[in-house]
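Reader: Please take a close look at one part of this model, the packing of one helix against its partners, and follow the contacts outward from there. I would like the residues named and the geometry stated.

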Amino acid sequence: MLMMPGNPEQWILIRGLIRSRFHWGEFPGQLEHALQRHQPAIELLTPELAGNGERWQELTPRGIRAMMEDIRQQVLPATQGKPVTIGAISMGAMIASEWARVYPQEVKALHLINTSFSNLSLPWQRMRLPAFASLVANLASGRGLEKPILYWTSNRKDSSQLAPVWQQYSDTHPLSLRNMLIQILSASGYRGPLQPPVTPTWCYVSMQDRLVSPRCTEKIAQRWQVPIERHNSTGHDLPLDDPEWLINAIVKNWLASS
């Protein structure tokens, strides 16, 4: 697995619906460190979707294909079109799947976390109606999104302690109602590929996800006939709830495929 200096193996992490790369927390550094224990020449990139986080003043592109191109253009100067491994969660995993479908020569492997496709799951499985209503109501009223997002996406007992930190970030990087609705509508209409766009691909699912039914990820893995790893207690934000478990699973699968 040794690579020549100056030719790193590149990994990309893509966050989900109305989330910034800020919301990865310490996960990217932890994953990169775990990978580098086996392969020092690893470079991990965390692009930001227009409309989210540091790019809050921009308009989110309409449709998963356009979002994919937005993300792809950010990393192309670094990757120069060389194959990359992508780890992605929720809507980010839709973007990753579309990238692999359109540009299979640019994607070496996929690690998809708690995601769904409109052509494989029902709308109320893909986002619980109470969660959707809660998010829209909080944004429209100006009460802030971070507390309800944490409620619906995390099963950690101490997750409420993150709410003030996340809200402070949100206050300085505000999400517009327009960008939120574009992302929700784009994700809700995305029809994913019916065959795995690249091999290898792995799926990871939280069996106690209260935002999205775990059956959605299971249906993708079943349709694609790819391995799936199940966590029995985490919520939708698996990298937040149990980063150690997820990193161990990703590294194990990566080493096995290499």
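**Helix α5 and its surroundings**

Author: Helix α5 crosses α8 in a left-handed sense. On the α5 side, the residues in contact are Phe 132, Leu 135, Val 136 and Leu 139, and they meet Leu 177, Met 180 and Ile 184 of α8. Sorted by class, this contact holds seven nonpolar residues, with no polar and no charged ones. The model is a predicted one. In it, α5 spans residues 129-141 and α8 spans residues 177-188, and their axes come within 11 Å at a crossing angle of roughly 165 degrees. Angles over 145 degrees count as roughly antiparallel, and α5 and α8 are therefore roughly antiparallel to each other.

One residue of that contact, Val 136, has a relative accessibility of 24% and therefore counts as partly exposed. Val 136 and Val 251 are separated by 115 residues in sequence, and their C-alpha atoms lie 37 Å apart in space.

The next partner is α6. The axes of α5 and α6 come within 9 Å, crossing at roughly 170 degrees, which makes these two helices roughly antiparallel. This crossing is left-handed. Pro 130, Ala 131, Ser 134, Leu 135 and Asn 138 of α5 make the contact with Pro 148, Ile 149 and Trp 152 of α6. Here the division is six nonpolar, two polar and no charged residues. Leu 135 is listed on the α5 side in the contact with α8 and also in the contact with α6.

From α6 the path leads to α7. The elements that cover the buried residues of α7 include α6 (146-153) and α10 (238-241). Helix α7 covers residues 163-172, and its buried residues are Ala 163, Trp 166, Gln 167, Tyr 169 and Ser 170. Their arc around the axis is only 160 degrees, so they sit on the same side of α7. Pro 164, Gln 168 and Asp 171 are exposed and lie on the face turned away from that buried side.

Trp 166, one of the buried residues of α7, links this region to two loops. One of them lies between β1 and α1 and contains Arg 19. Beyond its neighbours up to four places away in sequence, Arg 19 touches Glu 48, Asn 52, Glu 146, Ile 149 and Trp 166. Ile 149 is also among the α6 residues in contact with α5. The relative accessible area of Arg 19 is 8%, so Arg 19 is buried. Arg 19 and Asn 248 are 229 residues apart along the chain, with 24 Å between their C-alpha atoms.

The other loop runs between β6 (228-231) and α10 and holds Asp 237. With neighbours within four places in sequence set aside, Asp 237 is in contact with Arg 15, Ile 89, Thr 153 and Trp 166. Asp 237 has a relative accessible area of 3% and is therefore buried. The C-alpha atoms of Asp 237 and Met 94 are 15 Å apart, although these positions lie 143 residues apart in chain numbering.

Helix α10 appears again in the packing of α1. The buried residues of α1 pack against β1 (9-14), β2 (42-45), α10 and α11 (243-257). In α1, which covers residues 27-36, the buried ones are Phe 27, Pro 28, Leu 31, Ala 34 and Leu 35. They span an arc of only 130 degrees around the axis, so they fall on the same side of α1.

Some backbone details remain. Pro 200 belongs to the loop between α8 and β5 (201-206), and the peptide bond leading from Thr 199 to Pro 200 is cis, with omega near 10 degrees. Ser 90, in the loop between β3 (84-89) and α3 (91-102), is not a glycine but has a positive phi of about 60 degrees. Ser 90 is buried, at a relative accessible area of 13%. Asn 114 also has a positive phi, near 45 degrees, without being a glycine. Its loop is the one between β4 and α4 (123-126), and at 2% relative accessibility Asn 114 counts as buried.

Conventions: Residues numbered from 1 in each chain as written. Predicted model: local features only at pLDDT ≥ 70, side-chain atom pairs only at ≥ 80, totals over all residues. Heavy atoms only, no water. Buried < 20%, exposed > 50% of the residue type's maximum accessible area, 1.4 Å probe, protein only. Helix = DSSP H or I, 4+ residues; strand = E, 2+ residues; numbered from the N terminus. Arc of directions from axis to C-beta. Contact = heavy atoms within 4.5 Å. Axes fitted to C-alpha atoms, helices over the stretch in contact; angles between N-to-C directions. Parallel < 35°, antiparallel > 145°, perpendicular 65-115°, else oblique. Left-handed = near helix turned anticlockwise from the far one by under 90°. Nonpolar A, V, L, I, M, F, W, Y, C, P; charged D, E, K, R; others polar.
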